Amino acid sequence: MSYRRLTERIHTGWIIAWVTIYAAILILGNFLPNSQLTTFVRLTGILLCFLYVVIKFPHDYFLLLAMGATCVADLILAGNNISPLGVAIFVSTQVFHLLHLLSLRQSPTKRYVFIYIAIAICLLVLDIVFDIMPRLYLVCGLYVILLITNLIISFHYHKTEPENPTAWFAFFGFLLFAGCDMCTGISYFSLIGLFPASFYNLANFIVWFFYYPSQILLSNTGDYDIMTAKEGKN
């Protein structure tokens, strides 16, 4: 997949905006990691990705839901980066991304996603009633299963359609997402003392090195064929 073919689908203005915000995130994250300005720029960058989807793919409802839920989750986690509610909303983003991927591939297996949702809800209710394990661990476990599923499906999507820009964006988006979440795990284990405390700030910085590009790529996984067809009719 050529760089030209990937970028010709995106207006230059959006690329400039994303690169500018990404540079600001890295610079501020390095020099002012805990400042409100850094948090504001990060959240603005995520909101920009959502706005891009609203403008570019207004009828791609699963992608809209995924990116919208991402904004809400990041807003909550900005105040408390180990909030079970924030992580739970991120679980919903992975569900919406999964449904979106299955829609792109015209897969008839969506019903299994809803079965997973039903099982997840039952597990959460049981944990609330019987306090089986820390809520954060259960929610993280559900999240990891979905992320791995999205990564596997997007890999096969890219493998079977290597010249498809949407498949390219999806696979590398989830690959970066996985890198981000590995750093998030290192950050958490450093916070609770399982890893050296010195890993904490470094992991939190590297999280955004992976995370923001992943959101830019995933915001471009809308169905271009549908979009082009609708533009042609207009």
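Biologist: Is the crossing in which α4 passes α5 left-handed or right-handed?
Modeller: This model is predicted: local features need pLDDT of at least 70, side-chain atom pairs count only at pLDDT 80 or more, and totals for chains, interfaces and linings use all residues. Residues count from 1 along each chain as its sequence is written, and side-chain values use heavy atoms, leaving out hydrogens and water. Helices are DSSP runs (H or I, at least four residues), numbered from the N terminus. The crossing of α4 with α5 (near helix turned anticlockwise from the far one by less than a right angle) is left-handed.

Biologist: How do α4 and α5 run relative to each other, roughly parallel or roughly antiparallel?
Modeller: Their axes (lines fitted to C-alpha atoms over the stretch in contact) lie 8 Å apart. The packing angle, between N-to-C directions, is about 165°. That makes the pair (angle over 145 degrees) roughly antiparallel.

Biologist: How many nonpolar residues does the contact of α4 with α5 have?
Modeller: Contact means heavy atoms within 4.5 Å. Leu-63, Met-67 and Thr-70 are among the α4 residues that meet α5. In this contact, seven residues are polar and one is charged, and the nonpolar number 16.

Biologist: At what angle do the axes of α4 and α9 cross?
Modeller: α4 passes α9 in a left-handed crossing. The two are roughly antiparallel. Their axes come within 11 Å and cross at roughly 155°.

Biologist: Which residues in α9 does α4 meet?
Modeller: From α4 come Leu-63, Met-67, Thr-70 and Asp-74. In α9 they meet Tyr-211, Gln-215 and Leu-218.

Key: Axes fitted to C-alpha atoms, helices over the stretch in contact; angles between N-to-C directions. Parallel < 35°, antiparallel > 145°, perpendicular 65-115°, else oblique. Nonpolar A, V, L, I, M, F, W, Y, C, P; charged D, E, K, R; others polar.
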